[in-house]
Structure formats: structure tokens, C-alpha cells
Amino acid sequence: MTCLLCNGIYTGRHTCACGTAMEDAGPVTDYYGPYSPYFNLSFEAPVCVHLFSCPACGRDRYVAIPR
């Protein structure tokens with residue numbers, strides 16, 4: 001299964017509560033550990049959860065991207 005955002009097919013545009021455009025900080029699994037994106041590949045979820053962060057106020061938001 002392919003993540004649309006990871007592969008550049010979809011460009012997620014999300015706005016923070018402060019009105020600033022949030023930036024994609026990558027899949028949440030990248031933050032668990034150095035090999036975490038490769039664990040449990042046979043049990044993939046139907047979504048890829050990405051972390052979006054606001055450069056202005058520092059808020060974070062999790063967004064589920066369909067695969």
C-alpha cells in the first residue's frame with residue numbers, strides 16, 4: 001500500500017488554529033525509532049498518520065492520510 005502524501009501524489013494543506021499553514025513533518029512512525037517504519041509491514045493500516053506542525057505557534061496535529 002502506498003501513502004499518497006509520502007509519494008507526492010497528494011499535497012496535504014492544513015491550517016493551524018492561528019491561521020498559519022502547517023508543514024508536514026513526516027509520518028509519525030518515523031519518530032518511534034530508527035527502524036520503526038519497517039516493523040509490522042504485513043499488518044499495515046489503511047492510513048498513514050502524518051505529523052503536521054505550525055511554524056508560527058508550534059502546535060502539532062496528527063492527520064490520517066489514506067493509502
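These notebook entries record what I looked up in a predicted model of a protein chain.

**Entry 1. Overall layout**

I began with the secondary structure. The protein chain has 0 helices and 3 strands, and along the sequence I read the pattern β-β-β. I then looked up burial and found that 25% of the 67 residues count as buried. The accessible surface of the protein chain comes to about 4700 Å². Carbon and sulfur atoms hold 55% of that surface. For contacts with a separation of 6 or more, I noted that 51% join residues 24 or more positions apart.

**Entry 2. The nonpolar core**

Which residues make up the largest nonpolar core? I listed 9: Cys 3, Leu 5, Cys 16, Met 22, Cys 48, Phe 52, Cys 54, Val 63 and Ile 65. Strand S2 (47–53) and strand S3 (60–66) are the elements that give two or more residues to this core.

I followed one core member, Cys 54, to its contacts. Leaving aside residues up to four places away in sequence, Cys 54 touches Cys 16, Cys 18, Thr 20, Met 22 and Arg 59. Among these partners, Cys 16 and Met 22 are also listed in the core.

**Entry 3. His 14**

I next turned to a residue outside the strands. His 14 is found in the segment before strand S1 (23–27). Is His 14 buried or exposed? His 14 counts as buried, because its relative accessibility is 14% and the cut-off for buried is under 20%. Beyond residues up to four places away in sequence, I recorded contacts of His 14 with Thr 20, Ala 21, Met 22, Phe 52, Arg 61 and Val 63. Of these partners, Met 22, Phe 52 and Val 63 also appear in the core list.

**Entry 4. Cysteines**

With several cysteines in the core list, I looked for disulfides. How many does a search of the whole structure find? The search finds 0 disulfides. Cys 16 is in no disulfide, and the nearest cysteine sulfur, that of Cys 57, is 3.6 Å away. I also noted that Cys 16 is buried, with a relative accessible area of 7%.

Why is Cys 6 not bonded to Cys 3? The sulfur of Cys 6 is 3.6 Å from that of Cys 3, its closest cysteine sulfur, and this is too far for a bond, because a disulfide requires sulfur atoms within 2.5 Å. Cys 6 is partly exposed, with a relative accessible area of 41%.

**Entry 5. Val 47 and the surface patch**

I then examined the surface. Val 47, Val 49 and Tyr 62 form a nonpolar patch there, and together they have about 270 Å² of accessible area. Val 47 lies in strand S2 and counts as partly exposed, at 32% relative accessibility. Its C-alpha atom is separated by 7.4 Å from that of Cys 3, although the two residues are 44 residues apart along the chain. Not counting residues up to four places away in sequence, Val 47 touches Ala 64, Ile 65, Pro 66 and Arg 67.

**Entry 6. Ala 64**

From Val 47 I moved to its partner Ala 64, which is found in strand S3. Ala 64 is partly exposed, with a relative accessible area of 47%. With residues up to four places away in sequence set aside, Ala 64 touches Val 47, Cys 48 and Val 49. Lastly, I looked up Leu 51, which is 13 residues from Ala 64 along the chain; their C-alpha atoms are separated by 9.0 Å.

Conventions: Residues numbered from 1 in each chain as written. Predicted model: local features only at pLDDT ≥ 70, side-chain atom pairs only at ≥ 80, totals over all residues. Heavy atoms only, no water. Helix = DSSP H or I, 4+ residues; strand = E, 2+ residues; numbered from the N terminus. Buried < 20%, exposed > 50% of the residue type's maximum accessible area, 1.4 Å probe, protein only. Contact = heavy atoms within 4.5 Å. Areas by Shrake-Rupley, 256 points an atom, 1.4 Å probe, with all protein chains shown as cover. Core = buried A, V, L, I, M, F, W, Y, C linked by side-chain atoms within 4.5 Å. Patch = residues over 30% accessible without salt bridge, like charges linked within 9 Å, V, L, I, M, F, W, Y side chains within 5 Å. Salt bridge = Lys/Arg side-chain N within 4 Å of Asp/Glu carboxyl O.
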